[in-house]
Amino acid sequence: MEAKLIDGKEIARKTRMEIAEKVLKLKDEGITPGLAVILVGNNQASKLYVKNKEKACKELGLNSFMIEYPESLSEKELLDKISELNQDNKVHGILVQLPLPSHIEEKKIIEAITPSKDVDGFHPISIGRMMTGQDTFYPCTPYGIMVMLKEMDIEPAGKHVVVVGRSNIVGKPAGQLFLNENATVTYCHSRTKDLKQFTKQADIIVSAVGKANFITADHVSQGAVVIDVGMNRDENGKLCGDVSFDEVKEKAGFITPVPGGVGPMTITMLMYNTMKAASNASKMQHA
Ligand code: NDP
């Protein structure tokens, strides 16, 4: 039997409607959630991501403050801007689009964002809170995966989740969120020997590698849930994930497509985090 499709586009649409309603309520209280997005340099992919974030803000009724700098911007100038945004009460979320030019230290920049506005969830304080099960901003891509599974009534507790990829923005936090939901988690990466041996034991596979056709039917056990985070180009330049979709869908129980799977959820959760940051700020005001 063919796998059930996890329709990220549809789940994102529904989640966005819920966020928009909460934004309306905040507006009634006199607060319009605001997201500042900083782009440094001319990376075309980054420009597109930033544009999409601005569009999503507009659609959901959030204010977006787009700040663009040339490649030559100094680290000090960027730190000064972040410090100013940290103080600005119209700005509830601050996002610095990565990657940054090599003369700017990403770690320093991420750590300069005040944790209460860290809507990307990359600050070490946010990550520490996530690890210790405290309320915080979760990184948007892994958070989007959890929301998708919830919508599909796929319960992670007791399941064996194999996460392929261990980046700080996707793989590691994805595994942590599954652990928080009582799954048993295995991380695999480029130094893992015999990857298939692990993935074949998985109830849920999360692939965040960045290689087209990396996960084939041989990696997957009958009925497994396959979450494809990858965003790659195939030999014809077409957007594709890490998973060999046509063959894996014949074996998996559930599968996310690319495009239309995890991708639409990422920006949605960024909007959610920004709304939540504004809501937190409002509660502080009224406390
Ligand atoms: P990184 O390049 O930072 O991480 C890739 C991970 O894959 C690393 O941990 C690496 O291991 C691992 N890896 C590489 N080769 C192998 C291998 N042969 N076997 C097992 N593991 C391997 O990428 P990101 O996490 O940033 O992104 C992953 C993919 O997800 C990309 O395609 C990216 O475009 C996409 N993405 C999609 C998003 C969305 O919204 N849909 C959001 C963010 C990313 P090691 O650590 O040992 O090097």
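Colleague: Which residue in β8 is the bridge partner of Ile205?

Modeller: In β8 that partner is Val226. This is a predicted model, so local features need pLDDT of at least 70 and side-chain atom pairs count only at pLDDT 80 or more, while totals for chains, interfaces and linings use all residues. Residues are numbered from 1 along each chain as its sequence is written, and side-chain values use heavy atoms, without hydrogens and water.

Colleague: What makes β7 and β8 a pair?

Modeller: Two strands (DSSP runs of E, at least two residues, numbered from the N terminus) pair if DSSP finds at least two bridges between them. Strand β7 (residues 204-207) and strand β8 (residues 225-228) have four bridges, in the parallel sense, so they pair by that definition.

Colleague: Why do β1 and β6 stand at the edges?

Modeller: The open sheet runs β1-β11-β8-β7-β5-β6, six strands with parallel pairing. β1 (4-5) and β6 (184-188) each have a single partner strand, so one side of each lacks a neighbour in the sheet.

Colleague: Why is the approach of Lys211 to the ligand called a polar contact?

Modeller: A polar contact is a pair of N or O atoms within 3.5 Å; within protein, one must be able to donate a hydrogen and the other to accept it, and residues adjacent in sequence count only if both atoms are side-chain atoms. A polar side-chain atom of Lys211 lies 3.1 Å from a nitrogen atom of the ligand, so the pair meets the 3.5 Å limit. Arg166 has a backbone N or O atom 2.8 Å from a ligand oxygen atom, and for Val229 the corresponding value is 3.4 Å.
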